[in-house]
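Please look through the model below with its strands and helices in view, and keep it open while reading. The paragraphs after it lead from the sheet outward to the surface.

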Amino acid sequence: MLWAGRSAMEIAAAVRQGEVTAPAVVEEHLRVIAERDSRVGAFRLVRREALEEARAVQRRRDLADLPLAGVPVAVKDNVEVAGEATRLGSAVTGDAPAAEDHVAVARLRAAGAVVIGLTNLPELGLVAFGDSVYGTVRNPWDRSRTAGGSSSGSAAAVAAGMVPIALGNDGMGSLRIPAACCGVLALKPGTGLVPPPSDAWQGLSENGPIATAAADLSLMLSVLAADPSLAEAWRGGCRLEPRRPMLRSVWADDDEVWQQPPPQDSPEPFDLRIAYAPQPLPAGLPMDKEFQAAVRGAAETLRVAGHTIVERDARLPTWLGPATIATWLSRAHDTATGLDRRRLERRSRALARAGRVLTRLGLDGSRGRDRWSGYGADQWFGDADVLITPALAAIPPKAEGWGGRGLLRTVLGNVRYAPVTGPWNMCGWPAMTVPIATHSSGLPIGVQLIAPPGGEPHLLGLAAQLQAAHPPIRPPGFSL
């Protein structure tokens, strides 16, 4: 029986029940990576140690209780994995191995997952393109186009069926953009739910899961957040509740017992007030008509599912865009601090240099961020439980040549196709991307779901309902 291409929930259940061993699952996924990654370029490093680590999982006394027993997971190469160098898509970063796992990786391993490889990203995770000194991550749907960024390789690896789940992070859309480009699901948690990356971009960036199924996304999020109740969030009917403090690990307390959710084929009905905004961008920023139609289609699907749907004919405030760009550039300057900037790519040097100038002038975007996160986001969002917008504004650009470009072409290239995600990092609200349709270009179309703080269960429940009506498909040539 083939396990590559199966969901994380299916794999874990089979390993727990003795239908397959963790080493057999990992060995099969290693073969699939060897066959497919030459076409995609998702991985910087494939870990042959993963097979021995899978054997260690198989020997664990608590195997029957592990929520991710034997599940292969890919990790973005800006999250520390013990024994491996964390290169951040750059030749300038050090090659010393990490002394210990980042807490997010440690939680995945404690839950039985096996880290099968580290995935490519653009240098320092600064842009929404997948090229770096380690190669170019190509979109599995159209390999002439970018897989997006900066969690480029993580999204492409899931889309191409090389792993069932992957870990990425999102500072201005870096989970949601590549997920939308590659036709998979990704969730940026709200502030405080999941341990953030080591460089959290002053609170803008969050670690989060990538998967092909809402149930897998819920399961992985529950492990990352050390909150077993989130494993059932995809079934719907979840109401907002006060958030529990983050635990030290999945098995933080002796009294903490992980309850596996019972199998469920489809989400349960529940009723939310959902707003949709097909064109949320300020005047002058175009939005692909097919992407707008996909938002309307998602809203209609959820209306049929029993939700209250209202259209929002409101555009994001004009001042928010410049504030978001200034914040992005300032974080580029911070991230490059301490590195030999002469050895960075031209693109990275240009972004960091602009950020340094803006920071010295006091134009680092902080006032706009405070204005938006303080009351602007809540006022603009209105009284809805969830808002649906397009995830992108245009189809992904071509994959080649972005690292050698200067400031203007880099900024315009990002803003023209991916301007919709950054505002929700600015205020720390949860947001996710769900594939919903196919563009006339043959590329997938994703919609973005946004909720106020604590609304992750709503997002996951709606994602499951959308997937039930619009089942996900693999890119041509990557089906098993």
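What follows is a walk through a predicted model, taking the sheet, then the helices that pack on it, and then a stretch of surface.

The sheet is open and is formed by 11 strands, in the order β1-β3-β2-β8-β10-β9-β14-β15-β13-β11-β12, with mixed pairing. At its edges stand β1 (43–46) and β12 (308–311), each of which has a single partner strand, so that one side of each is left without a neighbour in the sheet. From one strand to the next the twist averages 25°. Within this order, strand β2 (residues 72–76) and strand β8 (residues 165–170) run parallel and are joined by 3 bridges, and here Ala74 of the one strand stands opposite Ala166 in β8.

Two helices may be followed across the sheet. Helix α8 (residues 289–304) lies across β11 (273–276), β12, β13 (386–390), β14 (431–438) and β15 (444–450), and runs at about 150° to β13. Helix α14 (residues 456–469) also packs on the sheet, where it touches β9 (185–188), β11, β13, β14 and β15, while its direction makes about 10° with that of β14.

Helix α4 (residues 103–110) is largely enclosed by the rest of the structure, because 6 of its 8 residues are buried, which here means a relative accessible area under 20%. These buried residues are Ala104, Val105, Arg107, Leu108, Arg109 and Ala110, and they pack against the helices α3 (49–58) and α7 (214–224) as well as the strands β2, β3 (114–119), β8 and β10 (206–211). After α4 comes Gly112, whose phi is positive, near 105°.

Helix α10 (residues 346–360) leads to the surface, and Val357 lies in it. With a relative accessible area of 44%, Val357 is partly exposed, and together with Leu361 and Leu363 it forms a nonpolar patch on the surface, the three residues having about 280 Å² of accessible area together. Arg349 also has its place in helix α10 and is partly exposed, with a relative accessible area of 29%. Leaving aside residues up to four places away in sequence, Arg349 touches Arg341, Arg342 and Leu344. Arg349 and Gly406 are 57 residues apart in sequence, whereas in space they are 8.5 Å apart, from C-alpha to C-alpha.

Definitions and conventions: Residues are numbered from 1 along each chain as its sequence is written. This is a predicted model: local features need pLDDT of at least 70, side-chain atom pairs count only at pLDDT 80 or more; totals for chains, interfaces and linings use all residues. Side-chain values use heavy atoms; hydrogens and water are left out. Two strands pair if DSSP finds at least two bridges between them. Helices (H or I, at least four residues) and strands (E, at least two) are DSSP runs, numbered from the N terminus. Axes are lines fitted to C-alpha atoms, for helices over the stretch in contact, and angles run from 0 to 180 degrees between N-to-C directions. Contact means heavy atoms within 4.5 Å. Buried means under 20% relative accessible area, exposed over 50%, partly exposed in between (1.4 Å probe, protein chains only). Patches are made of residues with over 30% relative accessible area and no salt bridge: like charges are joined within 9 Å, nonpolar side chains (Val, Leu, Ile, Met, Phe, Trp, Tyr) within 5 Å. Accessible areas come from the Shrake-Rupley method with a 1.4 Å probe; for residues, only the protein chains shown count as cover. A salt bridge is a side-chain nitrogen of Lys or Arg within 4 Å of a carboxyl oxygen of Asp or Glu.
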